[in-house]
Structures are given as C-alpha cells and as structure tokens.
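User: I would like to go through the terms used for this model and see what backs each one. Please keep it brisk.

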Amino acid sequence: MSDPTQPPANPTSNDPTNNDPTRSRPTDPSAPPAYETPAAPAYPAAPSYPATEGQEAPGYGQAPVYGQPPAYGQNPYGQQNPQDKYNVLSIISLVTSILLVSVVGIVTGHIALSQIKKTGEKGRGLALWGTILGYVGLLGGTIFTIITIAFVIAAASTGAGYYR
C-alpha cells in the first residue's frame, strides 16, 4: 500500500497500465504536454574542509577548537590547572629561610615537599631550596652561638685576673 501524500516511486515510467493521477504527462503521446512543475534550483555542494592532522571534532562537553589545539595539560577554558599552582608552603619555606628563621623554613619545606608529591603542584625547587637554606642557616646559627659563648667565657676568664 502506498502513501497518497508521496509521489510515485517511478513517475517517468511510460507504462500504459500506470493510471497514477499525479503523473504530469499523459500516457497518450498525441495529447498535449501538461504543465510541469519547475525543477528545484541546484544548490552548490557544501564545502569540504581539510581535516587537521591528529585533530578530531569536539565531543559533548568540550569547547570547539579554533586555530591551535591547547597544549597537553593546558586547560582550554583559560582556567588555571592544579599543576600550574605553586605550593604556598614552598614559598613560605624559602622566604623564612632567607630571613634567617631557619626552623620555620625547615618545617614548612618538609611539609611542602610532602604536599607537592601528593598534589602535583609546582614549587618543589622552592621547597627544596627553603629546606636546604634552613638547614644551612640552622647550622650557621649554631656555630655562631658556640663561638660567641666561647668568646664570652674566654673574655670572662681572662678579665677576672686583672681585678684580684
């Protein structure tokens, strides 16, 4: 059974048994030509763009790619990735070690190194240098304190002999 709203499957057939009322030409060759509907205008074909090598169409939830695709690990929406953040404790470790607050630099440096290992943040070098400078500062402070105490004891022992 055919759908009456659809055109026939083969409208150009010259079969005399085909009594389709939607035909535009009669089956009798002596009859004058009937009015024919104009053909649809020919539209140009859709342009085909060359595919970029290694680039696929964006899927659901992804931003469309315009120009260069984002580098590996770079967020295409312009937001900062967790790997791009510096660990705050690593900065505190370096600053306090430079300011000769060595114990704070050592402690914050070790905590920062532990956090960086877990989270993948930046700042491992800062934390490492903060820890190293903290140890150097602590060692230097200890040596300075020992030498100062030795001078005070030496000065006290030699100065006591003059006033007897």
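Analyst: The turns below set values against definitions.
This is a predicted model, where local features need pLDDT of at least 70, side-chain atom pairs count only at pLDDT 80 or more, and totals for chains, interfaces and linings use all residues. Residues are numbered from 1 along each chain as its sequence is written, and side-chain values use heavy atoms, with hydrogens and water left out.

User: What makes the pattern of the protein α-α-α?

Analyst: The protein has 3 helices and 0 strands. Helices are DSSP runs of H or I with at least four residues, strands are runs of E with at least two, and both are numbered from the N terminus. Read along the sequence, that gives α-α-α.

User: Why is Thr108 called buried?

Analyst: Buried means under 20% relative accessible area, exposed over 50%, and partly exposed in between, with a 1.4 Å probe and protein chains only. Thr108 has 11% relative accessibility, so Thr108 counts as buried. Thr108 is found in helix H2, residues 102-119. Of the 164 residues of the protein, 13% count as buried.

User: What makes the approach of the Thr108 side chain to Val104 a polar contact?

Analyst: A polar contact is a pair of N or O atoms within 3.5 Å; within protein, one must be able to donate a hydrogen and the other to accept it, and residues adjacent in sequence count only if both atoms are side-chain atoms. The Thr108 side chain reaches the backbone oxygen of Val104 at 2.7 Å. The backbone oxygen of Gly105 lies 3.4 Å from a polar atom of that Thr108 side chain.

User: Which residues does Thr108 contact beyond its neighbours within four places in sequence?

Analyst: Leu89, Ile92, Ser93 and Thr96. Contact means heavy atoms within 4.5 Å. Ser93 and Thr96 are among the buried residues of H1.

User: How do you know that H1 and H2 are roughly antiparallel?

Analyst: Axes are lines fitted to C-alpha atoms, for helices over the stretch in contact, and angles run from 0 to 180 degrees between N-to-C directions. Under 35 degrees is roughly parallel, over 145 roughly antiparallel, 65 to 115 roughly perpendicular, and the rest oblique. The axes of H1 (residues 88-98) and H2 cross at roughly 160 degrees and come within 8 Å. H1 and H2 are therefore roughly antiparallel.

User: What caps the N-terminal end of H1?

Analyst: Asn87 does. One of its side-chain oxygens lies 2.8 Å from the backbone nitrogen of Leu89. After H1 comes Leu100, whose phi is positive, near 65 degrees.
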